[in-house]
Amino acid sequence: MLRLWRGAVFTACFALLNGPSFATNPIETAPDFSRNDLAGHLVHLVDYRGKVVLLNFWASWCGPCREEMPGFSQWQHEYGAKGLQVIGVAMDDDAESAQKFLKQYPVSYPIVMGDAKLGESFGGVLGLPTSYLIDVRGRIVARYQGESNLKEMKAQIQALLSHMTH
Amino acid sequence: MKTYTHSIALALSLLAMFVSIGAFAATKSAASIPSIDLIQPPELASMLTNASTAKPLILQVGFRKLYDQAHIPGAEYAGPGSDADGLRILSQRVATLPKEAAIIIYCGCCPWSHCPNIAAAYDKLHALGFNHLKVLYIAHNFGSDWVDRGYPTVMGK
């Protein structure tokens, strides 16, 4: 019941926004999760408190996702030392498809396998790509759905990172 | 000069990566589906809520993890149109149906022009001879264009 309510709140929050969308006010604390990435290392979201996290739901079959990922990889290189952590959540039906893609197009950040349960915990990931920007306190400050404006996303990340250092 | 050369090299390598990644799993575009065979979300939502309207068979031809989170009431999961296994599941599901059966397929995994499933599923059903086939037009994704608009939805499995 709580899960349904949370989902309803998320839906209501984003109902006014069509297509590629983002919310700019902290909505709620990002649901915690813990699972191994494709390299076998544990990724526990709460461990990234104190960092700005870009959580990107993607899949190898999703064209816009594939176009975004080199940019995210570049951001991880560029801003990792300043406090950014990109985490990818593959929504492929099987890990093999994600691994096959990543072998051809490696990224510089961890990738975990997602599932319906994880998507639901974030209010429903009902289309890809979907990304969440999470601040140093673990609050979701933006949600991007569909083909994102990477310039805008980057500016938001830079703004969050600048708050960390000043 | 050295920085300039490096910048050009970086730009070219990024361009090459974008082009090759775009080509990964290239599929037929949803734009190939004739507009006469499309049905818009409000029209389908109205059919679903109108008790006197005959209900078509609704098949989700996208990905399981999306269907499991939310789908149209009564919709059955019929496998992703982008792979051979998915098309086999779809073919098996309709194998015993008359060719004039009303069928609506949808995906909504990603923006319409990027959907890897819908055109292949449409082509398969068309090739099998179904002549009352409609495709739900989902411009952005199922979340934005259906769920967020308050149309009938089953959340969860």
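In this predicted model, a good place to begin is Cys107(B), which is buried, with a relative accessible area of 4%. Residues count as buried when this value is under 20%, so Cys107(B), at 4%, falls on the buried side of that limit. Another cysteine of the same kind of setting is Cys109(B), which counts as buried because its relative accessibility is 0%.

Which cysteines are joined by a disulfide? The bond links Cys62(A) to Cys65(A), with a distance of 2.2 Å from S to S, and the count over all chains comes to one disulfide. The torsion about the S-S bond of Cys62(A) and Cys65(A) is about 80°, and the disulfide is therefore right-handed. Both partners, Cys62(A) and Cys65(A), are buried. Cys107(B), by contrast, takes part in no disulfide, since the nearest cysteine sulfur, which belongs to Cys115(B), lies 3.6 Å away, whereas a disulfide requires the two sulfur atoms to be within 2.5 Å.

From the cysteines we can turn to the nonpolar interior. The largest nonpolar core has 75 residues, and those with the most contacts inside it are Leu55(A), Phe57(A) and Phe122(A), together with Ile103(B), Ile105(B) and Ile118(B). Strand S3 of chain A, covering residues 52-58, gives the most to this core, contributing six residues. Leaving aside neighbours within four places in sequence, Phe57(A) is in contact with a set of residues that includes Cys65(A), Val89(A), Met91(A), Leu118(A), Phe122(A) and Tyr132(A); Cys65(A) is also one of the two cysteines in the disulfide. Apart from this core there is a second, separate one of 17 residues, which includes Tyr106(B), Leu136(B), Ile138(B) and Val147(B).

Key. Residues are numbered from 1 along each chain as its sequence is written. Chains are lettered from A and ligands numbered from 1 in the order in which they are written. This is a predicted model: local features need pLDDT of at least 70, side-chain atom pairs count only at pLDDT 80 or more; totals for chains, interfaces and linings use all residues. Side-chain values use heavy atoms; hydrogens and water are left out. A nonpolar core is a set of buried Ala, Val, Leu, Ile, Met, Phe, Trp, Tyr and Cys residues joined through side-chain atoms within 4.5 Å. Buried means under 20% relative accessible area, exposed over 50%, partly exposed in between (1.4 Å probe, protein chains only). Helices (H or I, at least four residues) and strands (E, at least two) are DSSP runs, numbered from the N terminus. Contact means heavy atoms within 4.5 Å.
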